[in-house]
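Here are a few short exercises to work through with the model open beside you. Try each one yourself before reading the solution.

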Amino acid sequence: MARAMARRADILRAGAELFAARGFHGVSIDELGRAVGITGPAIYRHFPGKEALLAAMLLDISERLAADGRRAVADSRGPGDALHALLRGHIAFALREPALITVQDRELGNVPDTERRSIRRLQRGYVEEWVAVLALLRPGRPPEALRAAVHATFGLLNSTPHSAGGLSPDDMAALLLAMGRAALLAGG
């Protein structure tokens, strides 16, 4: 069982890299199999098809981000600490998983409807964790404005696959933390 779980994780990782590089439709089942040292049809032992693999990939990351966000807020010592923890967690994810950021941004439309709705629900919950924290830090701001600020900040943080350039991961994390905090707390 552990071997099957490890193989499944390898397939998800390879799928993220391939989908990010060439797009969902630009990758065949045979190529996915070769990337992890198995035949293409062996992928079907782990996933019913390529769409199911993509759905599992995006559901997994959405569930992890949502759980990490809830934990960051629950473990914090107040809204300022919670915002810092949310930012650091999202930045760490963005720097560690650039392929998943790219796939999530580009390929959600290729996920079957039922799974896409689940992914969207998880993503909305994650956004609302951030909005609730911001509401404490920026009382009186309408929820729509706070939500827009969170989405805009995600755009900034999720740009790392394209913007990290020559900066070290630590320098990029520090830059994104400062910029993310400023973006979320800016304005009237």
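**Exercise 1: One face of a helix**

The buried residues of H9 are Met172, Leu176, Leu177, Gly180 and Leu184. On which side of H9 do they sit, and how does the length of the helix check out?

Solution. Remember that this is a predicted model. Start with the directions: these buried residues cover an arc of only 135 degrees around the axis, so they lie on the same side of H9. Next, take the length: H9 has 17 residues, and at 1.5 Å a residue they should span 24 Å. The end C-alpha atoms of H9 are 24 Å apart, so the two values agree.

**Exercise 2: The largest nonpolar core**

Find which residues of the largest nonpolar core touch the most other members, and which helix gives the largest share.

Solution. The core has 57 residues, and Phe19, Leu53, Met57 and Trp130 touch the most other members. Elements giving two or more residues to this core include H1 (2-22), H6 (113-137) and H9 (169-185). The largest share, 11 residues, comes from H3. Now zoom in on Leu53: leaving out residues up to four places away in sequence, Leu53 touches Ile11, Leu12, Gly15, Phe19, Leu32, Ile43 and Phe47.

**Exercise 3: Annotated spans**

Work out how much helix is found in residues 5-65 and in residues 28-47.

Solution. An unreviewed UniProt entry annotates residues 5-65 as "domain: HTH tetR-type". That span is 67% helix and 0% strand, with its end C-alpha atoms 20 Å apart. UniProt (unreviewed entry) also places a "DNA-binding region" at residues 28-47. Here the span is 35% helix and 0% strand, and the end C-alpha atoms lie 14 Å apart.

Methods: Residues numbered from 1 in each chain as written. Predicted model: local features only at pLDDT ≥ 70, side-chain atom pairs only at ≥ 80, totals over all residues. Heavy atoms only, no water. UniProt positions renumbered as here; feature names shortened; annotations may be inferred. Helix = DSSP H or I, 4+ residues; strand = E, 2+ residues; numbered from the N terminus. Core = buried A, V, L, I, M, F, W, Y, C linked by side-chain atoms within 4.5 Å. Buried < 20%, exposed > 50% of the residue type's maximum accessible area, 1.4 Å probe, protein only. Contact = heavy atoms within 4.5 Å. Expected span 1.5 Å × (residues − 1). Arc of directions from axis to C-beta.
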